[in-house]
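Subject: Structure for your review

Dear colleague,

Please find below the structure that I am handing over to you. My notes on what was found in it come after it.

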Amino acid sequence: LVIVLVIFFMTLELSGVALVQFRLRPEGGAGSGVVSVGAAGTKSDFDLVLLAPPVHVDAAELAVVQRGLAAIDREAEGSPPGEAAGMDLARRLIAGFDRTLRDPAPLNAFLRDWLPRVLFLMIPVFALLLKIPFRHRRYFEQLIFSLHVHAFFFLATTLMIPLGLIAGAPWPGRLLAIVSTAYLLIAIRNFHAKNWFVTLFGFLLLMVSYAVVLATVLGGLLLIGVVRT
């Protein structure tokens with residue numbers, strides 16, 4: 001896992017591909033973005049793009065963020081004292097988002113520093129969650145399996161970096177999700193030697209629980225990175 005992580009971050013650095021960046025969702029795009037900026041009724045959605053070369057931000061995208069900052073300022077002027085802290089945090093988030101939109105490099109540098117540390121904390125959590133549906137294996141064995149799965153994920157992510165240079169977003173992220181999900185399902189089936197019904201039940205339980213934990217942790221890390229950078 002350590003070797004794969006070193007190769008992954010070296011490849012990421014040499015390729016110039018951004019691990020994450022925000023892009024304005026085109027009008028009429030399906031669903032909602034991970035970030036909404038603007039006043040009520042005029043909000044614009046921004047998507048989180050993975051493993052793609054940094055894209056030049058046009059004036060329309062920057063104008064959306066500036067309108068969001070202006071709206072927060074207007075609300076802060078007439079807000080009660082108890083809401084001042086919340087308004088200040090919202091303004092810092094949008095200001096950080098504005099900086100990240102202009103230049104994703106500082107945020108990506110922050111994530112390169114902290115992502116390995118967070119990963120090593122998540123590995124035992126993944127093993128613990130895996131222990132819930134598959135109790136016949138000892139926790140130490142689940143921990144080794146967790147190391148293996150995370151090593152594969154970062155190896156697959158490394159191989160997606162050239163695709164990000166060639167095809168651009170969003171194909172690397174989508175293909176990575178398909179490959180990782182399929183590999184994890186097959187790996188659980190082989191490692192635990194259960195029938196497909198038990199494997200699918202345990203797999204779904206693991207995916208839901210780990211997705212909640214991972215989204216909370218990585219979402220928090222991303223917000224901290226946006227504010228700090």
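The notes below go from the overall architecture to individual side-chain interactions.

Please bear in mind throughout that this is a predicted model.

Overall architecture

The protein has seven helices and three strands. Read from the N terminus, the order of its elements is α-β-β-β-α-α-α-α-α-α. Of its 229 residues, 38% count as buried. Among contacts between residues at least 6 apart in sequence, 68% join residues at least 24 apart. The exposed surface comes to about 12,700 Å², and carbon and sulfur atoms supply 69% of it.

A nonpolar surface patch

Val2, Val6, Met10, Leu14 and Phe120 make a nonpolar patch of about 520 Å² on the surface. Helix α1 (residues 2-15) gives the most to this patch, with four residues. Phenylalanine 120, by contrast, is found in helix α4 (residues 105-131). With 40% relative accessibility, phenylalanine 120 counts as partly exposed.

Aromatic pairs

The structure holds seven aromatic pairs. One of them is formed by phenylalanine 126 and tyrosine 210, which meet edge-to-face, at 4.9 Å centre to centre and with 80 degrees between the planes. Because phenylalanine 126 lies in helix α4 and tyrosine 210 in helix α7 (residues 196-228), this pair ties together parts that are 84 residues apart in sequence. Both phenylalanine 126 and tyrosine 210 are buried.

Phenylalanine 152 and tyrosine 183 form a stacked pair, with 3.6 Å centre to centre and 10 degrees between the planes. This pair also links distant parts of the chain: phenylalanine 152 belongs to helix α5 (residues 139-166) and tyrosine 183 to helix α6 (residues 171-192), 31 residues apart. Tyrosine 183 counts as partly exposed, at 27% relative accessibility. In addition, ring pairs link Phe8, Phe9, Phe153 and Phe154 into a cluster.

Charges over rings

Two arginines deserve a note here. The charged end of arginine 137 sits over the ring of phenylalanine 191, at 4.1 Å from the ring centre. The charged end of arginine 189 sits over the ring of tryptophan 196, at 5.3 Å from the centre of that ring.

Salt bridges

There are four salt bridges in the structure. Which residues join arginine 137 in a salt-bridge network? Glutamate 141 forms a salt bridge with arginine 137, with the closest N and O atoms 3.5 Å apart. Glutamate 141 also forms a salt bridge with arginine 138, where the corresponding distance is 3.9 Å. Arginine 137 is partly exposed, with a relative accessible area of 24%, whereas arginine 138 counts as exposed, at 57% relative accessibility. Through shared partners, Arg137, Arg138 and Glu141 are thus joined into one network.

A further salt bridge connects the side chains of aspartate 98 and arginine 102, at 3.2 Å from N to O. These two residues are four apart in helix α3, so about one helical turn separates them. Is aspartate 98 buried or exposed? At 8% relative accessibility, aspartate 98 counts as buried, because the cut-off for that class is under 20%. Arginine 102, its partner, is partly exposed, with a relative accessible area of 49%. Leaving aside neighbours within four places in sequence, aspartate 98 is in contact with Leu62, Val65, Gln66 and Leu69. Helix α3, in which aspartate 98 lies, spans residues 84-102.

With kind regards

Key. Residues numbered from 1 in each chain as written. Predicted model: local features only at pLDDT ≥ 70, side-chain atom pairs only at ≥ 80, totals over all residues. Heavy atoms only, no water. Buried < 20%, exposed > 50% of the residue type's maximum accessible area, 1.4 Å probe, protein only. Contact = heavy atoms within 4.5 Å. Patch = residues over 30% accessible without salt bridge, like charges linked within 9 Å, V, L, I, M, F, W, Y side chains within 5 Å. Areas by Shrake-Rupley, 256 points an atom, 1.4 Å probe, with all protein chains shown as cover. Phe/Tyr/Trp six-rings, centres within 6.5 Å; stacked < 30°, edge-to-face > 60°. Lys NZ or Arg CZ within 6 Å of the ring centre and 35° of its normal.
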